[in-house]
Amino acid sequence: MLGGLLGFVGLSAAAGILVTAAVTPALAISGMGASNTIKIFDALPEFLEITPLMEKSTVYAKGADGQPKELAEFYDQNRQEVQWDQISQFYKDAAVAKEDNRYYEHGGVDVIGTTRAIVSTYLLGSEVQGGSSITQQYVKNQLVQRCVNSSESVEEGEKCATAYTTADGSDGVARKLKEMRYAIGLEKKYSKDEILRGYLNIAHFGGITYGVESASQYYFGVSAKDVNLVQAATIMSMVTNPNSLRIDRPDSETNGAANGYEQTKKARDITLQAMKAYGKITAEQYDEAIATPVEPKITQPRTGCEPSGGAAYFCDYVINVIRNSPEFGDSEQERLNLLKRGGLDIYTTLDLGVQQASEQSIYGKVPLQSDSGDVAAAATTIEPGTGRVLAMAQSKKFSNTSTEPGYTSVNFNTTSEYGGSTGFQSGSTYKLFTLVDWLMNGHSVNETVRGTIRNYTLTGSCEGAGGTYKFQNSGNASGRTLSVMSATSSSLNTGFAAMAEKLDLCEIRDVAKSLGMKRADGTELQVNTTSIIGTNEVAPIDVAGSYAAIAANGKYCTPIAIDRIVGPEGDELEAPKSTCTQAIPENVAATAAYALKGVMNGGTGASGNPYDGTQLIGKTGTTDERKHTWLAGASTTAAVALWIGNVEGAVDLRYASVGDYQGDRARFAVWKDIMADIDDLRPGGVFPTPDPNLTKVATRAVPDVSGMSVEEATSRLEASGFGVTVADGEVPSSIGAGLVARTEPGGGGRANYGSTITLYVSSGEGAEVPDIMGDRPDDAQQDLEDAGFTVAVDGSCSEDDARVNSQSPGGDTDAAPGSTVTIGCG
């Protein structure tokens, strides 16, 4: 009792001196230095720096009108700070009448209220409570806010706030002294209206709702400037005990809808009585308000990504960008705290028009769940030349909580580091990198390669690369010798294996990396023999990025999801930037695009082409047993990578249905609709002309292999870059039986590099036809007959000056003895 009384005397003296100091700062207090309580406040700083409030951050997308549209909100405390003229006078009057009716008269500390609190605490034995001016409450909330904002997690923040507000005994005295000293300092620096505005923005109104703007919107669906008297009084009444008096728990037995939110109504009516008593409202206003029931209109805020609907996967990608980017802080937790507490306006790259096109096509054609198995679709759209992600759509609905079929929190569009899966085999979309490396090594798309079914030996200059593998083709298609253009448009595996035989697997891998390709699980791209046909597991965002680079004349830009960030004070914050590099030469990109246009115009991707006049490049991809299917391509303004396949399991999509489509054909219908809408929204241009040096038809001299064995002739021709085929049967020839009699094209001539040379094998029975061109007809006939041939004359050779100007078979060729040689004269 004695200790409490001494504390009362000390605290009373401190309060009196502090209040007097607000009016007479020069007053000496040295005569009271013996008091421990006075020593406490005497050592305290007078000035409290007002730190930014914890505010919600808002994520925006670009609407069809080009204006920002709200996508999602994130917060630990749901607060939106507003200015003085954005707050209803009802709020200002209710706060002053209820909490501090002498607010505009004192200098920061209400002596009468403080004395009442001291008596309650030290003479009656209650906790330190009540009596705090609005300024003191603002100080207390600022100190709590500072503690919570510096905490690592919501749980730590709650502990911090609880520890501060429940302090008692000597800790409570020190806390009160600190609040009073800071309150007087604040009133010297800020106006009354500024402090009241700060208080109304920082006050707690239950749960995670803070500030009158968020409270107004949450509890009644209106802004703070538009609340009526009843709404303002109801919300301000919650300040005394926010979590007990909140009105968003209609099922509460003590304060719910059944009893008319009885406790809150009583508190509201006390606020209304105070407003009437202090002249803030009229008796008529009071009577009408007191008779009005408490009727909340709870308006749930758009917190988190789930309310973003189909754009939730893009939203989740943005959050993971923030989580992984040093621009937002030194640690992952610091970055997420900034998102939830920093009051940021985040303007993203999402184009709602492109997003809607992607969603409509996928949702309209790919069901949430399939009887065939766990099959899904995902499509990412990227802007060539900038790396801006324009859309992310997925056939499943986004949820962090639901485990029901058709729901997932895994974003199949991106890599595991950014909330995605470990990826899916890319199939033939990966052939792009062999094509590019082929061109970078000076080869032409019109060169022919021997793409037969055979063992291919591929090599590489890096560790683990290379091996021998017998490549097959999709659908058991036969191999053949064909041009690279044809191999690309038909996606012939053996054609690309023949190309890779002349290249370095590690160079192909490096080309892929330079164009942004990586494994979705974060490990290195594989360089085994089958990697060239797409065995690496990748994500649509990286496939889209690679094809965007081709559409951007070889310039690859890392994906970005954020255009700009604005802080709560209107200042621009640094956002992650795209890094753009000229990954491949422009002439190579232009020629690759030339080949990829063939895929979309009559090749394997033709069924996905909307044929609306827009030039498109593209490449299909199908993995073993059709577990995963792809279509990736671009116009000059947008690149889209679409995957449809097994999330888990191994359903063969050829024998399964995806909506109304055969499983391995569904990609064409989906991609076609997406691209048709994009072509309307973002009309594409014309791709550059290919490099003539990379489209030329390369020829090479055909070696003369006559007289060689078939094996020796084949080896010689293949070493010169030609394919070889052997004609059926044998031909008459003077060359030894079983040896090569002749070739077509013949030795010494020229043929397309990589083309097929036909070998004709000698029967060993034949005679050489004399060359009688230019001879007199009689002489020619005699020579042919002497050589054992019969002669037929085509037309008249009776003129005296006639000369032979045609013969068949030709001279110096072999023919069967006794066969007919036809001659003509001119």
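1. In this predicted model, five strands make up an open sheet with antiparallel pairing, in the order β5-β4-β20-β19-β18. The edge positions are taken by β5 (389-394) and β18; each has a single partner strand, so one side of each has no neighbour in the sheet. Direction ignored, neighbouring strands of this sheet are turned by 5° against each other on average.

2. At the β5 edge, the partner is strand β4 (residues 375-382), and the two pair in the antiparallel sense over five bridges. One position in this pairing is Ile 382, which stands opposite Val 389 in β5.

3. At the other edge, strand β18 (residues 617-622) pairs with β19 in the antiparallel sense, over six bridges. Ile 617 has Ala 634 of β19 as its bridge partner. β18 and β19 form a hairpin with five residues between the strands, and in this hairpin Glu 625 takes a positive phi near 55°.

4. On to the pairing of β19 with strand β20 (residues 639-646): the two run antiparallel and are joined by seven bridges. The hairpin that joins β19 to β20 does so through four residues. Ala 634 stands opposite Ala 639 in β20, while Ala 634 is also the bridge partner of Ile 617.

5. Is strand β19 (residues 628-634) mostly covered or mostly open? Strand β19 is mostly covered, with seven of its seven residues buried. The cover applies to both faces: His 628, Trp 630, Ala 632 and Ala 634 are buried on one side, and Thr 629, Leu 631 and Gly 633 are buried on the other.

6. A helix also packs on this part of the sheet. Helix α23 (residues 666-681) lies across β4, β18, β19 and β20. Relative to β20, helix α23 runs at about 155°.

7. A separate point concerns two helices. The axes of helix α3 (residues 89-99) and helix α8 (residues 192-202) come within 11 Å and cross at roughly 90°. Helices α3 and α8 are therefore roughly perpendicular to each other, since angles of 65 to 115 degrees count as such. On the α3 side the contact is made by Tyr 91, Lys 92, Ala 95, Val 96 and Glu 99, and on the α8 side by Leu 196, Tyr 199 and Leu 200. By type, the residues of this contact divide into six nonpolar, two charged and no polar.

Conventions:
Residues numbered from 1 in each chain as written. Predicted model: local features only at pLDDT ≥ 70, side-chain atom pairs only at ≥ 80, totals over all residues. Heavy atoms only, no water. Axes fitted to C-alpha atoms, helices over the stretch in contact; angles between N-to-C directions. Parallel < 35°, antiparallel > 145°, perpendicular 65-115°, else oblique. Contact = heavy atoms within 4.5 Å. Nonpolar A, V, L, I, M, F, W, Y, C, P; charged D, E, K, R; others polar. Buried < 20%, exposed > 50% of the residue type's maximum accessible area, 1.4 Å probe, protein only. Pairing = 2+ DSSP bridges.
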